[in-house]
Amino acid sequence: MKNIIHIIKYNLKIIFGNRFVYFLGASLIFYLLFTGIALFSGDMISVEDVYYQLIFPGILLIFFPTAFGIQNDEDARILEILFGIPNYRYKVWLVRLSIIFVMVFVVVTILAFLNNYLLVELPVLEMGVQLMTVLILFGTLGFLFSTMVKNGNGTAVVMVIVGLALWFLHGFMGVSKWNVFLNPFLTPTNISESVFQTMLFQNRLIIVAVSVVSVLWGLINLQGREGFIK
């Protein structure tokens with residue numbers, strides 16, 4: 001228990017240090033900008049609009065600590081220590097990912113709660129859970145690519161390309177179980193509710209499976225000590 005507490009304290013410093021404040025600020029600015037436009041435009045805002053509004057601040061929040069985590073360890077001269085203790089790096093990263101996901105869930109749920117009063121009535125907790133399914137995918141992919149690229153800036157470039165590609169495909173896929181950005185609050189008019197719910201369940205199951213594989217793959221990549229220690 002004492003070791004876990006030390007790991008949590010260390011990872012809190014890594015997560016909230018350096019450039020994270022800029023990503024947090026950018027996500028809040030994006031949220032406030034969209035909310036301000038929605039409040040003064042006079043257009044009707046729906047729950048499905050709020051889903052897309054909140055997903056991008058969430059991606060910004062989860063982007064930095066997952067993509068730059070290994071780079072931050074190296075900059076803090078702690079990376080060699082992590083690899084010097086057997087299996088310690090796995091514990092550090094599993095705890096770190098857990099902290100990141102909980103932190104992002106709390107933030108997006110708070111933003112959803114604010115939208116519930118400012119824009120439109122919505123299921124706050126369900127909104128937070130649905131958003132986190134997609135955000136965990138981006139977080140685990142960021143972790144995976146960081147173990148491959150082994151550089152924060154390089155990982156950031158790869159993640160931007162992946163994110164843009166997925167958003168580009170979103171427009172072509174539409175209502176498909178393979179669409180990462182499938183909106184769970186936007187039920188199509190050309191299919192029944194039960195069929196859409198089945199499709200949504202399959203979509204979420206695919207996303208969870210890819211997230212689990214990404215974490216396991218990233219942890220396996222951490223076995224190659226020589227590739228990280230320079």
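**View 1. Helices α7 and α8 pack at an oblique angle.** In this predicted model, the axes of α7 and α8 come within 9 Å. They cross at roughly 140 degrees. That angle makes α7 oblique to α8, because only angles over 145 degrees count as roughly antiparallel. The handedness is right: α7 passes α8 in a right-handed crossing.

**View 2. Helix α3 runs roughly antiparallel to helix α8.** Helix α3 covers residues 47–67. Helix α8 covers residues 152–173. Their axes come within 10 Å and cross at roughly 155 degrees. This puts the pair over the 145-degree cut-off, so α3 is roughly antiparallel to α8. The crossing of these two helices, α3 and α8, is right-handed.

**View 3. Helix α3 runs roughly parallel to helix α7.** The partner here is α7, residues 124–149. The axes of α3 and α7 lie 9 Å apart. The packing angle is about 30 degrees. Angles under 35 degrees count as roughly parallel, so α3 is classed as roughly parallel to α7. The crossing of α3 and α7 is right-handed.

**View 4. A nonpolar patch lies on the surface.** Nine names make up the list: Leu39, Phe40, Val102, Val106, Ile110, Phe113, Leu114, Tyr117 and Leu118. Together they have about 940 Å² of accessible area. Two elements, α2 (20–41) and α6 (88–118), each give two or more residues to the patch. Helix α6 provides the largest share, seven residues.

**View 5. Val102 is an exposed member of the nonpolar patch.** Val102 sits in helix α6. Its relative accessible area is 51%. Exposed means over 50%, so Val102 falls in the exposed class. Val102 belongs to the patch along with Val106 and Ile110, among others.

**View 6. Ser98 of helix α6 and Ile136 are paired by a C-alpha distance.** Ser98 has its place in helix α6. At 41% relative accessibility, Ser98 counts as partly exposed. Ser98 and Ile136 are 38 residues apart in sequence. In space, their C-alpha atoms are 9.9 Å apart.

**View 7. Thr187 and Pro188 share a loop but not an accessibility class.** Thr187 is found in the loop between α8 and α9 (193–221). Pro188 is found in the loop between α8 and α9 too. Thr187 has a relative accessible area of 32% and is partly exposed. Pro188, at 14% relative accessibility, counts as buried, because buried means under 20%. Thr187 lies 9.0 Å from Val175, C-alpha to C-alpha. Thr187 and Val175 are twelve residues apart in sequence. For Pro188, the C-alpha partner shown is Gly174, at a separation of 9.8 Å. Pro188 and Gly174 are 14 residues apart along the chain.

**View 8. The overall fold is built from helices.** The protein has nine helices and zero strands. Along the sequence, the pattern reads α-α-α-α-α-α-α-α-α. Buried residues make up 46% of the 230 residues. Pro188 is one of the buried residues.

Notes: Residues are numbered from 1 along each chain as its sequence is written. This is a predicted model: local features need pLDDT of at least 70, side-chain atom pairs count only at pLDDT 80 or more; totals for chains, interfaces and linings use all residues. Side-chain values use heavy atoms; hydrogens and water are left out. Patches are made of residues with over 30% relative accessible area and no salt bridge: like charges are joined within 9 Å, nonpolar side chains (Val, Leu, Ile, Met, Phe, Trp, Tyr) within 5 Å. Accessible areas come from the Shrake-Rupley method with a 1.4 Å probe; for residues, only the protein chains shown count as cover. A salt bridge is a side-chain nitrogen of Lys or Arg within 4 Å of a carboxyl oxygen of Asp or Glu. Helices (H or I, at least four residues) and strands (E, at least two) are DSSP runs, numbered from the N terminus. Buried means under 20% relative accessible area, exposed over 50%, partly exposed in between (1.4 Å probe, protein chains only). Axes are lines fitted to C-alpha atoms, for helices over the stretch in contact, and angles run from 0 to 180 degrees between N-to-C directions. Angles under 35 degrees count as roughly parallel, over 145 as roughly antiparallel, 65 to 115 as roughly perpendicular and the rest as oblique. A crossing is left-handed if the near helix is turned anticlockwise from the far one by less than a right angle, and right-handed if clockwise.
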